[in-house]
Amino acid sequence: MAIDASLDARKASEKTLKIENTEKRDVLIETEKKYQKAWAESHVFETDAPTTAEVPFHSVSPADLREQQPKFMGTIAYPYMNGTLHAGHAFTISKVEFATGWARMQGKRALFPQGFHCTGMAIKACADKLAREIEMFGPNFEEYKEEEVTEEIPAPIQSVTKEDVTKFASKKGKTAAKSVKAKYQFQIMLSLGIPREEIKKFADSRHWIDVFPETGRHHMTSFGLRIDWRRTFVTTDANPYYDSFVRWQMNRLKELGKIKFGKRYTVYSPKDGQPCLDHDRSSGEGINPQEYTGIKLKVVVWADAAKPKLEKLPSGSNVYFIAATLRPETMYGQNCCFVGPSINYGIFKVAEGEYFFCSDRAARNMAFQNIFPEWGVVEKLGELSGKDVIGTVVNAPLSAYKDVRILPMETVKASKGTGVVTSVPSDSPDDYATTMDLAKKADYYGINREWVITDILPIIESPKYGNLIAKTLVEQMKINSPKDPKLPEAKEEAYKEGFYNGTMIYGEFAGRPVSEAKELVKQFLIKTGSAFNYAEPDGLVISRSADECVAALLDQWFLNYGTTENGGDGAWCEKVVNHVKSDRVNTFSPEAKHQFMSTLGWLSQWACARSYGLGSKLPWDPKFLVESLSDSTIYPSYYTVAHYLHSGLFGEKPGLGNVKVEQMTDEVWDYIFARTDDVDSTIPKETLQAMRREFEYWYPLDLRVSGKDLIQNHLTFFLYVHVALFAEEYWPRGIRPNGHLMLNGEKMSKSTGNFLTLTEAVEKFGADATRLAIADAGDAVEDANFEESVANSIILKLYELRKWCEEMVNDVHLIKSVEEYRASRDDKQVKNIDVVQRTGELGFWDRLFANEMAALVQETKEHNDAYLWKNAVKSGFYDFTAARDFYREATKSAGVGMHHDLVLQYIELQALLLTVVAPHWAEYIWLDVLKKSDTIQNARYPDAAPVDPGLSAARAYIRVTTSNITSAEGAQQKRLAKGKASKYDPSAPKRLTIYFATAFPTWQDQYMSFIQESFDKLGLVDVPSISKKIEKKDMKKAMPFIQSVKKRLDAGESRSEVFNRKLPFDEEAVLTEMVPALKQVVRKCEDVVVVTVKPGESVPQGAENAVPGNPAFNFENI
């Protein structure tokens, strides 16, 4: 069977980095697999609460127990298992993984459990597609004949072998449009590498559940995650214990009045015959029904162009143009009604003798809202274009003008509302701009000028914009046409100002605030038969069955989320709002907290049941299934006891408690989750108490991580249900939404070949290099970027550092004196001079290095505490190895060599500093190189030695001074290259003279006081103001000095460092130590002279600029 070349599985990652020389990577991967196996066999990541034997049950309060024996529990939003994990998943996972590793190093009991989500439509829909295609084309699709492939359908999975079910790879994100060109489901699966003979197995939805969760576990393990796999599970009734947990949860929410039943609008798939919620969509996630008021404008006289197309319309019928509006209170000011001239409209039967004029899309929505005679059926009598009906006279309910015309509006969209827009120019900037344009260009639009009513009736009074809000805004914003891009902004401002601050000045409700009158006018219109309720999805929603969804008015079970104003349980919402506002929950960024507050403001009732897909049955109405975002709210609590209930994903084997599923009654769940203090159960008391101990110890959840796009649903639901079912003590304490992950600076997409699965990343770069590159990608709520070039460079860095550590320990040659070191160096007794290491007392460079290591250990701790992994990798890996490199080169240049104790200290600290992010590499150094007795996974983070500010200042001085000298030499070389004159020949032998001052010039003291006064008062150096205080004779030297101080402050140097005019180190001694190194870094430097500049002494030109901590220098050929 031929397949289009565009469906080749390799296309998904064809633009990603290709690695050719893999020997070093393979060495690292071999070690990673070795230690992953060792960790699994030693059960090192299996963590329990203190047992009731260790701490008798409730002998101390749960809060006191958590304080006495600190813990950490973190989870990610469990991934949906219609495919395998990609790099974006790995990015989210890493946030919990690194936090878990850090908690272990802090001495906490740390728990990272992981389950797999299978609830919903996606798996079932794909399986059903395959079943239909097998009927069409045979079990191996052998009867399929190649045809033009044009349709794009999201592809869920990828496979590479039939022997090993853990070798599947790649997953399509449900909203990322990562799709390949295919028409049939089997083509999608073929294009992703699944053998043709294996595809038929996926026609059974259970096969997906059997394959992909285990695949996910395998891939997560290969990533080196610290997961307690005893607590894993799959959702749906495939695991009867989790099914029991979900049914308990739904029962209790219903009893608490949090689940209601009634008619409400919901996004609905006519093809699937059920609500289409976020997880059921291939596009349009986060889109909800938008409710409108449907205004009925009765036709009085048809336009001449329309009459010939109305032959099928029964005589005497009433036809209504249906305009969908969000502002029924403004209907008093209707001056016309707009249609899109190029839009095709239909006339649809509503009842005998009654018809609606609107778009086909709107009619389809109405068919599922009990507006038409038969559910889901649209009876269309005729079709007209917008152009045909221009000039028609209609009766506008409530309008002061009564009869108005149908007029053209080129910006009307058939995809929004009904395609019919009633015009209120007093309060709608769009309507005002179009009305004025029609009046000016009547001939251009092919209308009579007298059809356009420009005598605008004021409806609402606003303190900000008067009684013609639209006119005022259009004029203030200089909007010149109906297509002006500023109109959306004006429209939003007009609506907000009118609703929140406006007062009605016309009609039955004059004198009332608009916020009150809006609903009153709406109900009046509906009561008098002039309007009806109408809704539609607020954007395009496509189901996973490729159906365009509608808004349907259904009897359904729903969770009563939302404010009182939005029809929800206001008291419940207020509790959640207060928790988010409080300091009891960390959202890790102001942006995330703002998004939560915004979502809590608009989120409303949520359908919690469906009739199609996979999941748990609704306990009291088993014809329905619990939908996928309603069975996934408080499952982190299930992790706390899962290992007591069952072993394995499906609950097929008993857990530690040997509990049967039928024993898990609602009352038992209540007891375990501390909702009651007693329970009548056949489960042994000791087992019940052990399970409750697990919950009371591990909860509240310390960290929840998910993509920021889930704030608008899952993460907010997560908060709602925790607040509803658990005591406040157990409400979540940390929620970290993260940005999406880009790949090589571009959006990840299979269709563009820029896509990377988790297993592809691990196979390409190894686990540790991938983890380090993911940490380096970023920590903010903004989108991050995984650079493959970074991951590739890390492979070499890890390999060479590992090799160096091995040589330093295994090949070390200890010496007792500097003389021995130099003899070994000069005689070339060893291949790598680094292995020749001193013992005995520490020298200047040793103390400097030890101090820098201490400072970096402390800095890395601070970054880890803040969960800033990118910064932690910088200080604990990049800066730490840079400190070693500086020490190596400095001691080599000085001819003293490294100190053995510091080399060992560096190796041990480097392993510890990398344990969180690169655990395999750290474990190898810990066990194989340093020969420690226990895994580094149980090691504590090192206590940093006290940092000596003087040594830190000396190290900074060395860095800056060396950089200034080398930069000056480079500048001279550039001058020569451009043909300019130079004071010396940089390529010839030369002498470097360094001038250091023992005291600051007295004239500087006065100007430093001016600078300090300005900085303390204004927070900046106000050079113009200071310059007015400079004596004329000092101007030439004072201004450069002031600018240099300003530059230091602007660069972020601390105030104390700049204004404290005493050095915390001996500058002459430091410069003397620097001499050997300077001879190495400055080309052909044969001599370095250090000269003291004392106050009042005459000095060579240029030397007078030397001040303590900032020496002057000069080059000259010799």
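**Notes on the predicted model**

1. A good place to start is helix α18 (residues 635–645), which is mostly covered: 11 of its 11 residues are buried. Buried here means under 20% relative accessible area, with exposed over 50% and partly exposed in between (1.4 Å probe, protein chains only). The buried residues of α18 are Tyr635, Pro636, Ser637, Tyr638, Tyr639, Thr640, Val641, Ala642, His643, Tyr644 and Leu645. Helices (H or I, at least four residues) and strands (E, at least two) are DSSP runs, numbered from the N terminus.

2. A word on the ground rules. This is a predicted model, where local features need pLDDT of at least 70, side-chain atom pairs count only at pLDDT 80 or more, and totals for chains, interfaces and linings use all residues. Residues are numbered from 1 along each chain as its sequence is written, and side-chain values use heavy atoms, with hydrogens and water left out.

3. Now the overall picture. The protein chain contains 35 helices and 36 strands, and its C-alpha trace spans about 115 × 85 × 65 Å along the principal axes. Of the 1118 residues, 56% count as buried. The accessible surface of the chain comes to about 46,300 Å², and 49% of that belongs to carbon and sulfur atoms; the areas come from the Shrake-Rupley method with a 1.4 Å probe, and for residues only the protein chains shown count as cover.

4. Contacts and charges can be taken together. Contact means heavy atoms within 4.5 Å. Among contacts between residues at least 6 apart in sequence, 77% join residues at least 24 apart. The chain has 140 positive and 153 negative side chains, and the centres of the two sets lie 3 Å apart. Lys and Arg count as positive and Asp and Glu as negative, while His and the chain ends are not counted; the place of a charge is taken as NZ of Lys, CZ of Arg, CG of Asp or CD of Glu.

5. Strand β1 (residues 71–76) is another covered element, with six of its six residues buried. Lys71, Met73 and Thr75 sit on one side and Phe72, Gly74 and Ile76 on the other, and both faces are covered. β1 runs parallel to strand β2 (residues 109–111), joined by three bridges; two strands pair if DSSP finds at least two bridges between them. Within this pair, phenylalanine 72 has alanine 110 in β2 as its bridge partner.

6. Strand β8 (residues 289–301) deserves a look for its partners. Seven bridges join β8 to strand β19 (residues 531–537) in an antiparallel arrangement, with proline 289 opposite proline 537. Six bridges link β8 to strand β9 (residues 318–325), again antiparallel. Strand β14 (residues 393–395) pairs with β8 in the antiparallel sense over three bridges, and there the bridge partner of lysine 298 is asparagine 395.

7. Within β8, threonine 293 is worth picking out. Its bridge partner in β9 is threonine 325. Threonine 293 counts as buried because its relative accessibility is 3%. Leaving aside residues up to four places away in sequence, threonine 293 touches Ala323, Ala324, Thr325, Pro328, Lys522, Ala531 and Phe532.

8. Phenylalanine 137 lies in helix α4 (residues 122–137). Is this residue buried or exposed? Phenylalanine 137 is buried, with a relative accessible area of 10%. Beyond residues up to four places away in sequence, phenylalanine 137 touches Glu142, Glu143, Tyr144, Tyr184 and Phe186.

9. There is also an open sheet of three strands, in the order β30-β29-β31, with mixed pairing. Its edge strands, β30 (746–747) and β31 (784–786), each pair on one side only. Strand β29 (residues 741–743) pairs with β30 in the antiparallel sense over two bridges, and leucine 743 stands opposite glutamate 746 in β30.

10. Finally, the annotations. UniProt (unreviewed entry) gives "domain: Aminoacyl-tRNA synthetase class Ia" for residues 65–130 and 204–786. Over residues 65–130 the chain is 48% helix and 14% strand, and the end C-alpha atoms are 53 Å apart. The same kind of record, also from an unreviewed entry, places "domain: Leucine--tRNA ligase RagD-binding" at residues 997–1051. That stretch is 69% helix and 2% strand, and its end C-alpha atoms are 24 Å apart. UniProt positions are given in the numbering used here, feature names are shortened, and annotations may be inferred rather than shown by experiment.
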